Amino acid sequence: MEFNFSQILSTSMVLFAIIDILGAIPIVIELRKKAGHIQSEKATIVATILMVIFLFAGESLLKVIGLDVASFAIAGSMVIFFIAMEMILGLTIFKEGDAPETVSIVPLAFPLIAGAGTMTTLLSLKTEYATQNIIVGILINMLFVYFVLKNTERLERLFGKSGLNVLRKAFGIILLAIAIKLFRNNTGL
């Protein structure tokens with residue numbers, strides 16, 4: 001088991017872009033208003049567990065339903081593409097339901113933090129990077145997610161609406177490039 005700094009950095013950046021916790025600050029603030037309080041620790045732990053379980057069991061689950069990782073990676077690249085287009089163009093393609101009483105778990109931990117895009121990205125990353133480096137990337141991101149959840153209101157004041165919008169669009173462009181790379185690598189184009 002060898003750790004590779006370059007792979008850790010790459011997986012961390014990819015997950016940072018797909019999780020987009022900074023772009024989700026307005027959603028988190030709205031959830032806080034509706035629920036009164038969000039349990040940052042609980043949301044972070046649940047999201048981390050979901051991601052690690054899917055990293056290890058996702059491929060087996062795919063085999064049970066007759067899919068391979070490359071096919072899932074191609075499908076994932078399309079999901080990531082649409083998420084990127086949402087971020088860049090300000091569109092809403094994926095709809096979220098109303099926030100139930102358990103906002104720290106649903107919709108915050110799943111699907112906002114560890115959603116379909118994140119799960120797809122994890123399996124796609126697994127085709128190119130060592131598992132231990134992906135786990136370190138997950139942990140780095142979850143520490144950052146925890147920090148953001150604990151400091152959402154301060155960050156909103158710091159960045160302002162314009163700053164958050166610029167961040168969201170910049171990470172959207174990064175995600176778009178990632179989606180294209182995943183598609184090309186798994187289709188052989």
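L167 is partly exposed, because its relative accessible area is 21% (buried means under 20%, exposed over 50%, and partly exposed in between, for a 1.4 Å probe and protein chains only). The model is a predicted one, in which local features need pLDDT of at least 70 and side-chain atom pairs count only at pLDDT 80 or more, while totals for chains, interfaces and linings use all residues. Residues are numbered from 1 along each chain as its sequence is written, and side-chain values use heavy atoms, with hydrogens and water left out.

L167 sits in helix α8 (helices are DSSP runs of H or I with at least four residues, numbered from the N terminus). Beyond its neighbours within four places in sequence, L167 is in contact with L22 and F159 (contact means heavy atoms within 4.5 Å). Its C-alpha atom is separated by 9.1 Å from that of D20, although the two residues are 147 residues apart along the chain.

D20 belongs to the loop between α1 and α2, where α2 covers residues 25–35. D20 counts as buried, because its relative accessibility is 8%. Residues up to four places away in sequence aside, D20 touches L15, M87 and R168. The backbone of D20 was also examined. Its phi is near 50 degrees, a positive value in a residue other than glycine. Most residues other than glycine have a negative phi. D20 follows α1.

Helix α1 has 15 residues. From its first C-alpha to its last, α1 reaches 21 Å, close to the 21 Å expected at 1.5 Å a residue (the expected span is 1.5 Å times one less than the number of residues). At the start of α1, a side-chain oxygen of N4 comes to within 2.9 Å of the backbone nitrogen of S6. This is a polar contact (a pair of N or O atoms within 3.5 Å; within protein, one must be able to donate a hydrogen and the other to accept it, and residues adjacent in sequence count only if both atoms are side-chain atoms). The buried residues of α1 are Q7, I8, T11, S12, V14, L15, F16, A17, I18 and I19. They pack against α3, α4, α5 (104–113), α6, α7 (131–150) and α8. T11 is one of the buried residues of α1. Its relative accessible area is 0%. Neighbours within four places in sequence aside, T11 is in contact with L125, Y129, N133, I134, G137 and N141.

Helix α4 runs over residues 69–89. Its 21 residues should span 30 Å at 1.5 Å a residue, and the end C-alpha atoms are 29 Å apart, which agrees. D68 caps the N-terminal end of α4, with a side-chain oxygen 2.7 Å from the backbone nitrogen of S71. Just after α4, G90 takes a positive phi of about 75 degrees. Buried residues in α4 are V69, F72, A73, I74, G76, S77, I80, I83, A84, E86 and M87. An α-helix has 3.6 residues a turn, so residues three or four places apart point the same way. The cover over the buried residues of α4 includes α1 (5–19), α3 (40–64), α6 (116–126) and α8 (152–187).

From α3, L62 illustrates such packing. L62 lies in helix α3 and counts as buried, because its relative accessibility is 4%. Neighbours within four places in sequence aside, L62 is in contact with L67, D68, V69, F72 and L123. L62 and F72 are 10 residues apart in sequence and 8.1 Å apart in space, C-alpha to C-alpha.

Two helix pairs involving α8 were then described. Two packed helices are described by the angle between their axes and the distance between the axes. α4 and α8 pack at an angle of about 160 degrees, with their axes 8 Å apart (axes are lines fitted to C-alpha atoms, for helices over the stretch in contact, and angles run from 0 to 180 degrees between N-to-C directions). α4 and α8 are therefore roughly antiparallel to each other (angles under 35 degrees count as roughly parallel, over 145 as roughly antiparallel, 65 to 115 as roughly perpendicular and the rest as oblique). Their crossing is left-handed (the near helix is turned anticlockwise from the far one by less than a right angle; clockwise would be right-handed).

α2 and α8 pack at an angle of about 135 degrees, with their axes 10 Å apart. That makes α2 oblique to α8. I25, P26, V28, I29 and R32 of α2 make the contact with T152, E153, L155, E156 and L164 of α8. The crossing of α2 and α8 is left-handed.
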